[in-house]
Amino acid sequence: MELIFATHNENKVKEINKLLPPGYLVKSLTDLKYDAKIEESGSTLEENALIKARTIFNAFKENCFADDSGLEVYALGGKPGVYSARYAGNQKKSEDNTNKILHELQGLNNREAQFRTVIAMVYNKTEYLFEGIIKGKISETPLGQNGFGYDPIFIPEKETLTFSQLTLSEKIKISHRSRAFQKLVEFLKS
Ligand code: IMP
């Protein structure tokens, strides 16, 4: 069974390939030489994931899925959420984004947050959504060298270190994306 993963991010493709049962082959947009920009104009992770999955389904008429993720900080009413990549501006700089969160949380006691991934899948012409969440809190300062995005300021629950201080394999075991992928894989196995 072949499935298209509507992404150009080969790290995400590797991650899902590790979880998939034998017999499934995932092709990325890079494999398919699909370079058109997909406008992520939704106001929720669900909408953006669906926009990407529907666009690719309409282009190739094959089973496919897309993911969208974001950091949701409770004291900020769930921001930056769907705007995580460009929270501090369209230059999409991770350091600016993390500094903006740290600044906004100054003086607030509640530093709880979660990473959330939504996967939208079009499978045999029916749409499905899968969600993965990892709860945690925002650190006082950025710590660690690994990962990307908000990893240096996110301490997952039951940990004392940030995502950036964990190894990639430690992060992948508990990450929002892995949890959503795991649900998709369970669906495909059932
Ligand atoms: P995407 O939907 O996977 O492209 O994620 C959108 C944005 O959310 C990224 O540009 C990051 O700012 C943030 N983000 C998503 N997942 C992670 C993660 O695992 N660690 C840190 N930041 C993340």
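Me: Which atom of the ligand does the side chain of D68 come up against, and at what distance?

Reply: In this predicted model, a polar atom in the side chain of D68 lies 3.1 Å from an oxygen atom of the ligand.

Me: What about K171, how far is its side chain from the ligand?

Reply: An N or O atom in the side chain of K171 is 2.7 Å from an oxygen atom of the ligand, and K171 is also among the residues that come nearest to the ligand, along with K12, S69, D151 and R177, out of 13 residues around it.

Me: And which part of Y150 is involved, backbone or side chain?

Reply: For Y150 the partner is a polar backbone atom, which lies 3.1 Å from a nitrogen atom of the ligand.

Me: How much of the ligand does the protein cover?

Reply: Taken on its own, the ligand has 480 Å² of accessible area, and the protein covers 84% of that.

Me: Which pocket is that, and which elements give two or more residues to the shell?

Reply: The ligand takes up the space of the largest pocket, and the elements that give two or more residues to the shell around the ligand are strand β3 (64-73) and helix α5 (176-189).

Me: Staying with α5, where does F187 sit, and what does it touch?

Reply: F187 is placed in helix α5, and once its neighbours within four places in sequence are left aside, F187 is in contact with M121, Y123, Y128 and F130.

Me: How far apart are F187 and F130, in sequence and in space?

Reply: Along the sequence F187 and F130 are 57 residues apart, while their C-alpha atoms are 9.4 Å apart in space.

Me: Why does F187 count as partly exposed?

Reply: F187 has 23% relative accessibility, so it counts as partly exposed, because that class runs between the 20% limit for buried and the 50% limit for exposed.

Me: Switching topic, where is Y87, and is it buried or exposed?

Reply: Y87 lies in the loop between β4 and α3, and with a relative accessibility of 11% Y87 counts as buried.

Me: What is packed around Y87?

Reply: Not counting residues up to four places away in sequence, Y87 touches L76, K79, P80, N97, K100, I101, E104 and Y150; with E104 there is also a polar contact, side chain to side chain, at 2.6 Å. Y150, one of those Y87 touches, is the residue whose backbone has a polar atom 3.1 Å from a ligand nitrogen.

Me: K79 and P80 both turn up there. What kind of peptide bond joins them?

Reply: K79 and P80 are joined by a cis peptide bond, with omega at about 0 degrees, and P80 has its place in strand β4, which covers residues 79-80.

Me: What is the separation between Y87 and R111?

Reply: Y87 and R111 are 24 residues apart along the chain, and their C-alpha atoms are separated by 18 Å.

Me: Tell me about R111 then: where is it, and what does its side chain do with S139?

Reply: R111 is in the loop between α3 (94-105) and β5 (112-123), and a polar atom of its side chain lies 2.8 Å from the backbone oxygen of S139. At 13% relative accessibility R111 counts as buried, and beyond its neighbours within four places in sequence R111 is in contact with L102, L105, G136, K137, I138, S139 and E140.

Me: After β5, which residues have a positive phi?

Reply: N124 has a positive phi of about 50 degrees although it is not a glycine, and K125, also a residue other than glycine, has a phi near 70 degrees. N124 lies in the loop between β5 and β6 (126-138), and K125 is found in the loop between β5 and β6 as well.

Me: Are those two buried or exposed?

Reply: N124 is exposed, with a relative accessible area of 53%, and K125 is exposed too, with a relative accessible area of 73%.

Me: Last one, S28: where is it, and what does it touch?

Reply: S28 lies in strand β2 (residues 25-28) and counts as buried, with 0% relative accessibility. Leaving out residues up to four places away in sequence, S28 touches F5, T7, E10 and V13.

How values were computed
Residues are numbered from 1 along each chain as its sequence is written. This is a predicted model: local features need pLDDT of at least 70, side-chain atom pairs count only at pLDDT 80 or more; totals for chains, interfaces and linings use all residues. Side-chain values use heavy atoms; hydrogens and water are left out. Helices (H or I, at least four residues) and strands (E, at least two) are DSSP runs, numbered from the N terminus. Buried means under 20% relative accessible area, exposed over 50%, partly exposed in between (1.4 Å probe, protein chains only). Contact means heavy atoms within 4.5 Å. A polar contact is a pair of N or O atoms within 3.5 Å; within protein, one must be able to donate a hydrogen and the other to accept it, and residues adjacent in sequence count only if both atoms are side-chain atoms. A residue is near a molecule or strand if one of its heavy atoms lies within 4 Å of it. Accessible areas come from the Shrake-Rupley method with a 1.4 Å probe; for residues, only the protein chains shown count as cover. On a 1 Å grid over the protein atoms alone, a cavity is a set of points where a 1.4 Å probe fits but cannot get out, and a pocket is an open set with protein on both sides within 12 Å along at least five of seven lines; lining residues have an atom within 4 Å of a point. A molecule sits in a cavity or pocket if more than half of its atoms lie within 2 Å of its grid points.
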